[in-house]
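The following exercises concern helices, a metal site and cysteine pairing. Each task is followed by a worked solution.

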Amino acid sequence: MADIPFSCSCGTVKGALVDVDRKAGSRITCYCKDCQTAARALGRSDLLGARGGTAIYQTTPAHIAITEGAEQLACLRLSRKGLMRWYADCCNTPLFNTLAHAKLCFAGVLLHTVAPDARGALGPLTAATFTESAAGDGPPVRKHGFAKTGYNIVRRHLRAKLGGAASMAPFFDAQGAPTCTPRILTLEERNAARP
Ligand SMILES: [Zn+2]
Ligand SMILES: [Zn+2]
């Protein structure tokens with residue numbers, strides 16, 4: 001188990017992934033249009049990887065500790081449905097994804113916040129999802145691991161509940177309310193940011 005530092009692009013928001021390894025989470029790359037739209041809506045398409053991919057470490061909130069700049073944590077939603085996309089207000093860096101409610105112990109950590117040479121401790125890439133939406137030209141991306149990704153999210157949720165590590169901080173309070181009110185894109189804003 002290791003503690004791996006993360007930060008937003010400007011360094012105002014800092015923290016660590018606590019006690020993490022290949023079992024505490026799964027590394028995936030998501031090529032879906034919504035992940036690309038979220039980055040573009042924040043003006044941060046520079047953070048997307050090859051073919052528009054978003055590298056994510058799927059884990060539980062208990063493994064995420066923000067140590068500096070927590071007041072900069074803001075939240076975006078592409079519509080009234082779908083994920084809460086948490087970002088750093090200081091420099092519009094996408095940081096985390098969660099569901100819109102606190103019932104599932106799940107959080108995705110966007111790995112552009114972690115130094116490349118530190119990502120190895122998080123285990124190997126286990127899935128590439130929604131590869132049919134990969135952007136631009138280049139060799140096809142092989143889709144794999146989607147079912148296992150869902151299985152692992154449920155497995156970690158149950159383990160967090162049973163192990164008393166079900167706190168949803170810093171995203172939701174003990175009553176399950178989000179710690180900030182998400183900004184919801186208008187249809188026009190969303191369409192303008194679509195890849
Ligand atoms: Zn920042
Ligand atoms: Zn996605």
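The expected span of a helix is 1.5 Å times one less than its number of residues. The model examined here is predicted.

**Exercise 1.** Determine how the span of helix H2 (residues 146–162) compares with the expected value.

*Solution.* Step 1: helix H2 has 17 residues. Step 2: at 1.5 Å a residue, 24 Å is expected. Step 3: the distance from the first C-alpha of H2 to its last is 25 Å, close to that expectation. Just after H2, glycine 164 adopts a positive phi of about 70 degrees.

**Exercise 2.** Establish which residues of H2 are buried and how they are arranged around the axis.

*Solution.* Step 1: the buried residues of H2 are Thr149, Asn152, Ile153, Arg156, His157 and Ala160. Step 2: these residues lie on the same side of H2, because they cover an arc of only 135 degrees around the axis. Step 3: a general rule applies, namely that an α-helix has 3.6 residues a turn, so residues three or four places apart point the same way. Step 4: the buried residues of H2 pack against S3, S4 and strand S10 (125–129). Step 5: the face turned away from the buried side carries the exposed residues Ala147, Lys148, Tyr151 and Leu162.

**Exercise 3.** Identify the buried residues of helix H1 (residues 33–41) and name elements that cover them.

*Solution.* Step 1: Cys35, Gln36, Thr37, Ala38 and Ala39 are buried in H1. Step 2: their cover includes strands S3 (26–30), S4 (54–59), S6 (73–77) and S7 (84–88), together with helix H3 (187–193). Step 3: glycine 43, just after H1, has a positive phi of about 70 degrees.

**Exercise 4.** Assign the geometry of the zinc ion (ligand 1).

*Solution.* Step 1: the protein donors are the SG atoms of Cys8, Cys10, Cys90 and Cys91, at 2.3 to 2.4 Å from the zinc ion (ligand 1). Step 2: the spacing of these donor residues in sequence is C-x1-C-x79-C-C. Step 3: the arrangement is tetrahedral because the four donor atoms subtend angles of 103 to 121 degrees. Step 4: for four tetrahedral donors the ideal angle is 109.5 degrees. Step 5: cysteine 90 is partly exposed, at 33% relative accessibility, whereas cysteine 91 is buried, at 17%.

**Exercise 5.** How many disulfides are there, and why does cysteine 75 not bond to cysteine 180?

*Solution.* Step 1: the cut-off between cysteine sulfur atoms is 2.5 Å. Step 2: the cysteine sulfur closest to that of cysteine 75 belongs to cysteine 180 and is 5.0 Å away, so the separation is too far for a bond. Step 3: the count comes to zero disulfides. Cysteine 75 is itself buried, with a relative accessible area of 2%.

Technical notes. Residues are numbered from 1 along each chain as its sequence is written. Chains are lettered from A and ligands numbered from 1 in the order in which they are written. This is a predicted model: local features need pLDDT of at least 70, side-chain atom pairs count only at pLDDT 80 or more; totals for chains, interfaces and linings use all residues. Side-chain values use heavy atoms; hydrogens and water are left out. Buried means under 20% relative accessible area, exposed over 50%, partly exposed in between (1.4 Å probe, protein chains only). Donors are N, O and S atoms within 2.8 Å of the metal (3.2 Å for Na, K and Ca); water is not among the atoms, so sites may look incomplete. Four donors count as tetrahedral if all angles lie between 85 and 135 degrees; four count as square planar and six as octahedral if opposite donors are over 155 degrees apart and all others between 65 and 115; anything else is irregular. Helices (H or I, at least four residues) and strands (E, at least two) are DSSP runs, numbered from the N terminus. Contact means heavy atoms within 4.5 Å. The arc is that of the directions from the helix axis to the C-beta atoms.
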